[in-house]
Amino acid sequence: MNQSILENKKAKVEEIATLVKDSKSVIVLEYRGLTVQEIATLKRDLRKENAKMTVYKNRLVKIAVDNLGLKDLDQYLEGPNAFVAGADETTAAKIVAKFAKKHENLVIKAGIVDGRVVDKNEVITLSNLPNKEG
């Protein structure tokens with residue numbers, strides 16, 4: 001494989017690992033079936049609350065989270081996934097859960113909260129909690 005391609009992949013794995021370490025929460029979503037306009041709306045709503053939605057190759061995410069000791073996330077890394085990184089534990093989950101109620105094509109798969117893997121039900125539970133100030 002071309003050396004520059006390998007370097008780009010290593011840099012992307014490092015970017016993903018940094019994102020997971022620096023974020024209070026990361027939510028794994030399947031977005032298949034959403035329109036470009038719907039995705040743009042979700043991204044805009046997330047940006048307003050200091051959260052960010054990004055698409056990465058599942059294989060690169062798997063390498064990054066395995067290096068961080070989060071192998072439990074591997075089972076959710078199939079199909080077209082987007083990753084939402086939040087500045088706190090609940091805000092991104094609230095936005096994603098609210099959006100998923102209106103758009104059945106958005107599927108919450110799992111998340112990473114405070115360094116541990118949680119399933120869809122825990123992400124939805126987080127979305128119902130008040131933020132830390134509350």
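Mentor: Before we start, a residue counts as buried when its relative accessible area is under 20%, and as exposed when that area is over 50%. Keep in mind, too, that we are looking at a predicted model.

Trainee: Thanks! Which residues of α1 are exposed on the face turned away from its buried side?

Mentor: Start with the buried side of α1, which is made of V13, I16, A17, L19 and V20. These residues cover an arc of only 160° around the axis, which puts them on the same side of α1. Now turn to the face pointing away from that side, and you find the exposed residues N8, K10, K21 and D22.

Trainee: Which elements do the buried residues of α1 pack against?

Mentor: Helix α1 runs over residues 3–22, and its buried set includes I16 and V20. The partners of that buried set are one helix and several strands, namely α3 (58–67), β1 (25–30), β3 (81–86) and β4 (107–113).

Trainee: At the start of α1, the backbone nitrogen of which residue is reached by a side-chain oxygen of N2?

Mentor: Helix α1 begins at residue 3, and N2 is found at its start. A side-chain oxygen of N2 comes to within 3.0 Å of a backbone nitrogen, and that nitrogen belongs to S4.

Trainee: Moving on to α2, within what arc do its buried residues fall?

Mentor: Helix α2 covers residues 36–48, and its end C-alpha atoms are 19 Å apart, close to the expected 18 Å. The buried residues in α2 are I39, L42 and L46. They line one face of the helix, because seen down the axis of α2 they fall within an arc of 60°.

Trainee: And which exposed residues sit on the face of α2 turned away from that buried side?

Mentor: The buried side of α2 is covered by elements that include β1, β2 (52–54), β3 and α4. Look at the face turned away from the buried side, and the exposed residues are V36, Q37, R47 and K48.

Trainee: Just after α2, which residue takes a positive phi?

Mentor: Look in the loop between α2 and β2. The residue there has a phi of about 65° although it is not a glycine. At 61% relative accessibility it counts as exposed, because the cut-off is over 50%. This residue is N50.

Trainee: Which residue in the loop between β4 and β5 should I look at for a similar topic?

Mentor: Here phi is near 50°, a positive value in a residue other than glycine. The residue is exposed, with a relative accessible area of 53%. In the loop between β4 and β5 (116–119), look at D114.

Trainee: Is V96 buried or exposed?

Mentor: V96 belongs to helix α4. Leaving aside neighbours within four places in sequence, V96 is in contact with I27, L29, L46, V84, L106 and I108. With a relative accessible area of 0%, V96 is buried.

Trainee: What distance separates the C-alpha atoms of V96 and L29?

Mentor: V96 and L29 are 67 residues apart along the chain, and L29 is among the contacts of V96. Their C-alpha atoms are separated by 8.7 Å.

Trainee: Which elements are included in what covers the buried residues of α4?

Mentor: The buried residues in α4 are T91, A92, A93, I95, V96, A97, F99 and A100. The elements covering them include two helices and several strands: α2, α5, β1, β3 and β4.

Trainee: At what angle do α4 and α5 pack?

Mentor: On the α4 side, A93, K94 and A97 meet V123, L126, S127 and N128 in α5. The axes of α4 (residues 91–102) and α5 (residues 120–128) are 8 Å apart, at an angle of about 105°. That makes α4 roughly perpendicular to α5, because the range for this term is 65 to 115 degrees. The angle you asked for is about 105°.

Trainee: Last one: with the side chain of which residue does the side chain of N81 make a polar contact?

Mentor: N81 lies in strand β3 and is buried, with a relative accessible area of 2%. Its side chain reaches the backbone oxygen of Y76 at 3.4 Å. The side-chain partner of N81, at 2.9 Å, is K109.

Methods:
Residues are numbered from 1 along each chain as its sequence is written. This is a predicted model: local features need pLDDT of at least 70, side-chain atom pairs count only at pLDDT 80 or more; totals for chains, interfaces and linings use all residues. Side-chain values use heavy atoms; hydrogens and water are left out. Helices (H or I, at least four residues) and strands (E, at least two) are DSSP runs, numbered from the N terminus. The expected span of a helix is 1.5 Å times one less than its number of residues. Buried means under 20% relative accessible area, exposed over 50%, partly exposed in between (1.4 Å probe, protein chains only). The arc is that of the directions from the helix axis to the C-beta atoms. Contact means heavy atoms within 4.5 Å. A polar contact is a pair of N or O atoms within 3.5 Å; within protein, one must be able to donate a hydrogen and the other to accept it, and residues adjacent in sequence count only if both atoms are side-chain atoms. Axes are lines fitted to C-alpha atoms, for helices over the stretch in contact, and angles run from 0 to 180 degrees between N-to-C directions. Angles under 35 degrees count as roughly parallel, over 145 as roughly antiparallel, 65 to 115 as roughly perpendicular and the rest as oblique.
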